[in-house]
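This report covers the fold, one helix, the main pocket and some backbone details of the structure shown below.

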Amino acid sequence: MPEPQRRESQTTQAAADVTTSSSMSSKPRMSPVAPPYDEETGRLLAKWMPPGSDMEPLLLFRLLALHRGLTGRLHPMASGLLNHGVLPPRDREIVISRITARAGAEYEWGVHAVVSGPAAGLERELLDAFVTQPADAAVFDAHTRLLVTAVDELHDQATVRAATWRELQVIYDDAQLVELLVLTGWYRTLSTVITSVALPLESWAARFPVTSLPS
């Protein structure tokens, strides 16, 4: 596909992704575990929340806790990616914000847009652009554009194009490249869970901006 046509296709698909998310039924298909929690569930949820947090465990964590065995095994990887990764925090949040936006997971995008994104130095204008703009939009600098392009390719094709991969190799070592791929896949998996069960949004989380993609 010629490059202009490919970019137009990506733009159209991104718009369709957001539209699909906004048109989904708001009625949850599953109910997360609710307090009071039994002792085992309480310990599990505490592991997923920041140490010493007095917040109610996130709805996503409470949903995952419906399968305590699986959720316990997932935690080390999830915590490793978010808290002990080798990617720069800003790059990590760019990847998370773009893949959750492309997958229509307003819940997860909104949580990161309030908490982890700003903590990593991402401004709200940029966070909104991950939802509304194609990879070649002027709002993205060259570094951000490369990451957004890589995420879009992984989302659309389940691979990274050779030209994009060569650009990534200039910036990242092998360990960081592996983490980038796994990070994208992990948050794509979470997005699939979130959208499939129509998980309600956290009351304090950000909402998707009004779609304003170029025609």
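A contact here means heavy atoms within 4.5 Å. Among contacts in the protein chain between residues at least 6 apart in sequence, 72% join residues at least 24 apart. The model is predicted: local features need pLDDT of at least 70 and side-chain atom pairs count only at pLDDT 80 or more, while totals for chains, interfaces and linings use all residues. Residues are numbered from 1 along each chain as its sequence is written, and side-chain values use heavy atoms, with hydrogens and water left out.

**Fold**

The protein chain has 11 helices and zero strands; helices (H or I, at least four residues) and strands (E, at least two) are DSSP runs, numbered from the N terminus. Of its 215 residues, 48% count as buried, where buried is under 20% relative accessible area, exposed is over 50% and partly exposed lies in between (1.4 Å probe, protein chains only).

**Helix α2**

At the N-terminal end of α2, D38 acts as a cap, with a side-chain oxygen 3.1 Å from the backbone nitrogen of E40. For such a polar contact, the N or O atoms lie within 3.5 Å; within protein, one must be able to donate a hydrogen and the other to accept it, and residues adjacent in sequence count only if both atoms are side-chain atoms. The buried residues of α2 are T41, L44, L45 and W48. They sit on the same side of α2 because they cover an arc of only 95° around the axis, the arc being that of the directions from the helix axis to the C-beta atoms. These buried residues pack against α3 and α4. Exposed E39 and K47 are carried on the face of α2 turned away from the buried side.

**Largest pocket**

The largest pocket holds about 620 Å³ of space. On a 1 Å grid over the protein atoms alone, a pocket is an open set of points where a 1.4 Å probe fits, with protein on both sides within 12 Å along at least five of seven lines; lining residues have an atom within 4 Å of a point. Grid points are joined across faces, edges and corners, and the volume is the space filled by probe spheres set on the points.

Its lining has 27 residues, of which W48, P50, L58, F61 and L82 lie nearest the centre of the pocket. At least two lining residues come from each of α2 (39-48), α3 (59-64), α4 (68-83), α6 (106-114) and α11 (174-196). With five residues, α4 gives the most. By class, the lining has 18 nonpolar, six polar and three charged residues. Ala, Val, Leu, Ile, Met, Phe, Trp, Tyr, Cys and Pro count as nonpolar, Asp, Glu, Lys and Arg as charged, and the others, Gly among them, as polar.

**Backbone details**

Most residues other than glycine have a negative phi, and most peptide bonds are trans. The peptide bond from P35 to P36 is cis, with omega near 0°; P36 is in the loop between α1 (3-23) and α2. Two alanines have a positive phi, as tabulated.

| Residue | Phi | Place | Relative accessible area |
|---|---|---|---|
| A158 | near 60° | loop between α9 (142-157) and α10 (162-171) | 67%, exposed |
| A198 | near 55° | segment after α11 | 11%, buried |

The segment after α11 also holds S203, which is exposed, with a relative accessible area of 68%. S203 and V111 are 92 residues apart in sequence and 9.9 Å apart in space, C-alpha to C-alpha.
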